[in-house]
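Here is a short briefing on how parts of one protein chain fit together. Look at the picture first, then read the points.

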Amino acid sequence: MITNTELEYKGNLYPNQIINFRQDVDKFYFTTENRVILQITVLRNSALRFRYATEEVFQPDFSYAISENASKGYNYLEVGETKTEYLIETSKLRVLVDKKSMRIQISDLEGIIINEDEIGFHWEENYEYGGNTVKMSKITQNAESFYGMGDKATHSNLKGKRVHNWCTDQYAYGKDQEPLYKAVPFYCGLHKNIAYGIFFDNTFKSHFDFAHERRNVTSFWADGGEMNYYFFYGPEMSKVIKAYTNLTGTPELPPMWAMGYHQSKWSYFPESNVKALAKQFRDMKIPCDALYLDIDYMEGFRCFTWDKKKFPDPKRMINELNEDGFKTVVMIDPGIKIDKDYWVYQEAMKNDYFCKRGDGPYMRGKVWPGECHFPDFTNPDVREWWAELYKEFMSELGVHAVWNDMNEPAVMEVPSKTAPLDTRHNFDGHPCTHRKAHNVYGMQMVRATYEGIKKYVYPKRPFVITRAAYAGTQRYSSTWTGDNVATWEHLWLANVQVQRMCMSGMSFVGSDIGGFAEQPNGELFARWIQLGIFHPFCRVHSSGDHGDQEPWSFDSDVTDIVRKFIELRYQLLPYLYTMFWKYSKNGEPMLKPLVYFDQEDPQTHFRTDEFIFGEHLLVCPVQEPNAQGRRMYIPRGKWYNYWKDEVIVGGKEQWVEADIDFIPLFVKEGAIIPKFPVQQFVGEVEIQELDLEVYFKLGTENSTIYEDEQDGYDYKKGQYSVRNLKLNGKENSLVIQQFKDGTFITSYDTFRIKLHGLPFEIKTVEVDNEEVPLKHVKPNGNNVIEISKDFTQLLIKGK
């Protein structure tokens with residue numbers, strides 16, 4: 001007779017003695033007595049992958065996060081063995097595997113420890129769901145700092161924090177609230193001026209403790225799946241971030257109009273209000289490229305439909321808006337209303353495309369249309385079907401872009417805010433429950449949307465936005481920080497969240513400028529615009545329940561300030577476009593926290609407010625009311641005050657004046673900043689002359705300008721222009737050399753060069769070793785000259 005039916009609780013389980021080792025080219029396998037296998041894969045000289053299997057069984061090696069274009073290869077690999085450990089060595093790293101405990105130590109070739117296990121890998125059997133809770137604990141190094149992890153609404157430096165990854169609809173979230181809309185299980189560690197990164201590629205709910213519970217231990221764990229993480233070595237933080245972004249991918253270039261100013265609200269309707277909104281922008285000469293239609297354009301919130309009472313002829317309206325320079329962006333949510341007369345519902349039911357519960361019935365959840373079913377976007381057949389649903393919107397009606405919201409997926413009126421955990425998913429042929437698929441649901445929805453938009457706006461480029469995201473979503477979509485609040489604290493949060501996202505591989509990001517919930521006053525709105533124009537995605541969005549949030553919704557002084565900064569955004573578009581090209585090509589974050597810019601300076605390790613926009617602009621928003629300036633940290637080097645042209649020496653905190661119509665903005669000495677004339681929308685005017693703002697430096701500095709048609713794919717066939725500019729300043733001369741690549745021919749023929757901080761009066765100008773009469777370069781008292789765009793070397797000599 002059975003007298004004890006309780007399962008034995010085993011607690012944490014650990015690998016023991018290694019009894020077997022083998023190598024298979026770039027993979028190394030270590031097996032313990034208790035049947036744990038560690039697989040170490042050498043991806044690059046400075047990138048490794050660690051996988052652990054219990055009971056000698058690895059799970060299928062499948063990932064939504066990893067880019068098919070990720071770089072691989074190494075030039076040196078040696079293996080050794082001592083009495084107590086195995087040794088793997090590349091040209092950059094040395095990995096020790098302890099024979100007794102399977103613990104790992106990673107060091108550089110000089111023996112400096114970069115990262116090492118505390119307990120290392122351990123696990124706990126999950127009797128409720130099956131499988132294991134997989135865990136990893138690392139030793140926190142002395143004075144170690146931590147960065148990354150996606151959209152966390154907390155201090156930039158995660159030291160002492162515990163965070164969680166479970167995509168969640170958190171309306172009006174607060175500071176330090178967990179979890180939020182994104183799941184990006186990647187962090188960058190920094191100690192002893194050595195940076196490294198860890199990407200825990202596990203889609204189950206995951207948790208990270210950065211010396212929170214124990215001050216000398218950093219740990220991460222997941223509620224299921226496999227202990228599978230990637231390790232990246234710098235030692236420069238820039239190399240770590242680029243290596244992670246290379247692994248998870250970068251987007252193609254978007255159309256330039258996607259980088260303009262966008263206006264949104266929940267909701268603009270009917271058509272007359274949308275047309276009046278567009279007219280007001282043009283009448284008031286406030287640049288704008290896109291207007292957004294939230295869910296109220298639909299018939300009863302049914303996706304892929306139009307309310308013909310509010311929008312009787314959407315094709316005509318979209319065309320008329322386009323003629324006035326406005327692109328139309330519409331929202332599509334994942335929930336499909338249960339309605340037997342609704343064609344999208346009929347198609348999905350006929351093809352069995354909706355998610356089902358564990359015992360077979362369809363998963364039901366309430367969202368805006370009422371009771372809904374949800375497509376299983378982890379099924380490739382469903383993604384293909386979903387992509388085709390966009391044909392009418394894009395090809396026939398002329399919609400320009402799509403915004404996927406509520407795709408965590410959000411479900412109303414249930415405590416979990418999402419689908420039941422027993423909901424089943426295809427997971428691209430690896431069937432699973434929602435425990436595993438939840439964090440990639442939004443990613444796979446926007447992937448399907450991206451494929452459809454790309455197909456049906458061709459030969460134009462697609463532009464897609466998503467709220468929920470897992471690592472790698474940047475390959476398909478831009479994003480934003482979700483339903484924030486119109487408070488000064490949320491202005492601070494928008495700043496740190498966008499910087500953090502850029503450090504997490506997702507640079508095409510912004511916030512709801514002004515706040516989604518509640519109502520900003522004019523001062524807060526103006527200050528938020530001043531920050532928002534320096535975010536890669538620049539959009540005002542708000543809940544109409546709380547009042548209007550258009551640029552003219554406050555007093556005329558605020559309107560003038562908003563116009564001034566939106567115009568600055570449009571002037572800086574060639575600089576911003578170049579930033580995006582570098583992000584797309586090299587994985588370089590578009591915004592750089594000061595610690596990324598200068599990790600050797602310990603003063604940068606805990607700064608939150610200041611950031612580098614691109615490579616040469618230093619921005620620091622004013623984040624409190626009634627301020628006429630602020631203290632900020634100026635990084636090392638010399639910087640020009642953008643507004644006053646004064647040169648200041650960095651490496652210290654300083655007071656910077658910034659009344660309501662200014663933001664602290666500085667230019668790195670030696671920079672060459674390209675500028676467009678102000679346009680009301682991208683492509684309004686043909687650029688006849690490109691302004692180059694040149695900031696003198698005693699020494700050398702490099703700048704880059706990337707240009708193409710601003711849309712389409714000819715740039716992939718060589719139809720682009722890259723200008724690498726090298727400035728070399730001396731006491732009595734200035735040399736600018738230009739190195740050009742690509743076959744794209746710009747519409748302009750001349751550069752209008754404005755020289756800032758020139759320490760001498762111009763005596764002569766030489767272009768390509770030939771002296772040019774000053775009257776031919778049209779110099780004036782403001783040190784402005786005009787020369788041909790095709791020069792190779794410009795030499796300016798002083799008297």
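The points below cover a helix pair and a sheet.

This is a predicted model. One topic is how helix α5 packs with helix α7. The other is an open sheet of 8 strands.

**The helix pair**

- Helix α5 spans residues 380-388, and helix α7 spans residues 434-457.
- Their axes lie 8 Å apart, at an angle of about 45°.
- The two helices are therefore oblique to each other.
- The crossing of α5 past α7 is right-handed.
- On the α5 side, R383, W386, A387 and E388 make the contact.
- On the α7 side, the contact residues include Q444, M445, R447, A448 and T449. Also among them are E451, G452, K455 and Y456.
- Sorted by class, this contact has 5 nonpolar, 3 polar and 5 charged residues.

**The sheet**

- The strand order is β1-β2-β3-β4-β18-β15-β14-β11. The pairing is antiparallel.
- Which strands stand at the edges? They are β1 (18-24) and β11 (145-148).
- Each edge strand has a single partner, so one side of it has no neighbour in the sheet.
- On average, neighbouring strands of this sheet are turned by 20° against each other, direction ignored.

**One strand pair up close**

- Strands of a sheet pair through backbone hydrogen bonds, either parallel or antiparallel.
- Strand β14 covers residues 186-191, and strand β15 covers residues 194-200.
- β14 and β15 pair in the antiparallel sense, over 6 bridges.
- Find L190: it stands opposite A195 in β15.

Note on methods: Residues are numbered from 1 along each chain as its sequence is written. This is a predicted model: local features need pLDDT of at least 70, side-chain atom pairs count only at pLDDT 80 or more; totals for chains, interfaces and linings use all residues. Side-chain values use heavy atoms; hydrogens and water are left out. Axes are lines fitted to C-alpha atoms, for helices over the stretch in contact, and angles run from 0 to 180 degrees between N-to-C directions. Helices (H or I, at least four residues) and strands (E, at least two) are DSSP runs, numbered from the N terminus. Angles under 35 degrees count as roughly parallel, over 145 as roughly antiparallel, 65 to 115 as roughly perpendicular and the rest as oblique. A crossing is left-handed if the near helix is turned anticlockwise from the far one by less than a right angle, and right-handed if clockwise. Contact means heavy atoms within 4.5 Å. Ala, Val, Leu, Ile, Met, Phe, Trp, Tyr, Cys and Pro count as nonpolar, Asp, Glu, Lys and Arg as charged, and the others, Gly among them, as polar. Two strands pair if DSSP finds at least two bridges between them.
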